[in-house]
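Dear colleague,

Please find below the structure that I am handing over to you. My notes on it follow directly after.

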Amino acid sequence: MVNKNRGLLKVPFSIQTTAIIFTIFALYNSNTPKQLTMLQVNFIRDNFDIAVGGLKKRNFPQAENLLSQVLEIDKKRKETQSHRDSLQAESNSISKEIGALMQAGKKEDAEKVKARTSVIKGQVKALENDFDQLEEKLRQLLYTLPNIPHHSVPAGISEEDNEVVLENGSIPTLYEGNRPHWELIKKYDIIDFELGTKITGAGFPVYKGKGARLQRGLVNFFLDEAFKQGYYEVQPPILVNEESGYATGQLPDKEGQMYHDASENLYLIPTAEVPITNLYRGEIVNESDFPIKNVGFTPCFRREAGSWGAHVRGLNRLHQFDKVEVVQITHPEKSYAALEEMSKYVQGLLQKLGLPYRVLKLCGGDMGFTSAFTYDMEVYSAAQERWLEVSSVSNFETYQANRLKLRFRGEDKKTTLAHTLNGSALALPRIVASLLENNQHEKGIKMPEVLVPYLGFEWIE
RNA sequence: AGAGGGUUGGGUGAGUGGCUUAAACCAGCAGUUUGCUAAACUGUCGUACGCCUAAAAGUGUACCGGGGGUUCGAAUCCCCCACCCUCUACCA
């Protein structure tokens, strides 16, 4: 009885991705969605110092200056609106007067009054233009502002400033002659990068035989576990329109990182977070619907422009990968409890897979643009002797809800912005990398017990 | 893809330039009546942004798929776009 939201979740089933030619377009400018809720401005006005402090924690430049600009423009916007509205009110009442005169047959009187309206009309038109420009300016400015971090988020510039919250599981000792996963996949012929390069390009591997079955098994395992945890399964489109991109915050921030089909102006999703959260765009849900918990499996696509280097060999970084994503929409007062629950849930998956992991609390500078608080889960990959990020669990508080216009109606009948959260549960490639590396023996690679029913085999050999 | 028909509040659905302040009904909410349920009756019932308030109340503007235009005045007339339905064609 988790969330039967009035037909909200009827998602189109599959799309013919093959029929569409994708064009990669780093900078595509077009109209941004209209209608901007002003609640974010209200927050900035009422909590100016908190907002400035928060952005500074992110190492965000010119925080004070930009936020002051927001307030200044908003002030002008209000003044312009008041002026415009009162003139429009006058015009409306004159029009009514004219209507009454015409019906009474007093044409001459009506003509006299008309002269007055033409003056007002011009003024209204000018004010209307000013107002639209101010709103657009404000909107563009707000789009450049990232979320304000939760007060408990540590300040910091890079990943080196993240806090390790906990470590769990033991790091295996591997036999002499162990290999990193990019060698193992060749040895057992289960994932083929060369073949992927031939048909698409670098970063699009082909999974073969037990490698393909491992993918399928993991996806099913993750979906089943989420179901048991009360998540409602959805299968969303993997192409989204521009408005969806703005609503969850990928646009304009990640413009160049998404594959873009220019002919239809659609984006290939970088994460299922985008379509699943957007299911609730523009909705006013009932407080009693909370918590809304959805899970979905999708392939994810990332251009990863300019981010290739020494540490991204093999499965460590791909252009296309599979991920199961969990999304929650909650009451503002319950969102941090939900975050902890999600964190525990993801950790449970890693425990079941027998992978040693640690949990990081991200510092302001390393958090995503839209997040107020993020836990990263990292798995230790024994042959590479390094930690690999496999999940990111975030609370966006009202940041996405503000753009989505996702509100709930409380007992007092008032509408309030909800909180949105999401987490990877889980992303496959690095899980596969660490499973292969950590479980390698001379004989072959032993699959975790929990996966065997999903795979139909115990060893890759 | 071609032709035709559509898109109005949570739902059904009226509305061909001013009597619309978007009718009516259903659902919802509050109340009255009632031994309970049901029914009946009365009232209420959209969203956003302003103004005014300590707050409420009140009040202004905008919104009838989206954008633009004509007009003193547009749900209504004109143009562009999106989506839905039917038929034809094609196709997993």
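Two residues are in contact if their C-beta atoms, placed from the backbone, lie within 7 Å. With neighbours within four places in sequence left aside, Tyr 380 is in contact with Ile 171, Pro 356, Tyr 357, Trp 387 and Ser 434.

This is a predicted model, in which local features need pLDDT of at least 70 and side-chain atom pairs count only at pLDDT 80 or more, while totals for chains, interfaces and linings use all residues. Residues are numbered from 1 along each chain as its sequence is written, and chains are lettered from A and ligands numbered from 1 in the order in which they are written.

Tyr 380 lies in strand β12 (residues 373-381); helices (H or I, at least four residues) and strands (E, at least two) are DSSP runs, numbered from the N terminus. Is Tyr 380 buried or exposed? A residue is buried if 20 or more other C-beta atoms lie within 10 Å of its own, exposed if 12 or fewer, and partly exposed in between, with C-beta atoms placed from the backbone. Tyr 380 has 21 other C-beta atoms within 10 Å and is therefore buried. Its C-alpha atom is separated by 8.1 Å from that of Arg 358, although the two residues are 22 apart along the chain.

As for the whole, chain A holds 13 helices and 18 strands, and its C-alpha trace spans about 100 × 50 × 45 Å along its principal axes. Of the 461 residues in chain A, 39% are buried.

Helix α3 comprises the 41 residues 63-103. The expected span of a helix is 1.5 Å times one less than its number of residues. For α3 this gives 60 Å, and the end C-alpha atoms are 59 Å apart, which agrees. Buried residues in α3 include Leu 67, Val 70 and Asp 74. Just after α3, Gly 105 takes a positive phi of about 80°.

Helix α2 (residues 48-57) packs against α3 at an angle of about 140°, with the axes 9 Å apart. Axes are lines fitted to C-alpha atoms, for helices over the stretch in contact, and angles run from 0 to 180 degrees between N-to-C directions. The angle makes α2 oblique to α3 (under 35 degrees counts as roughly parallel, over 145 as roughly antiparallel, 65 to 115 as roughly perpendicular and the rest as oblique). The contact is made by Phe 48, Ala 51, Val 52, Leu 55 and Lys 56 of α2 and by Ala 63, Glu 64 and Leu 67 of α3.

Yours sincerely
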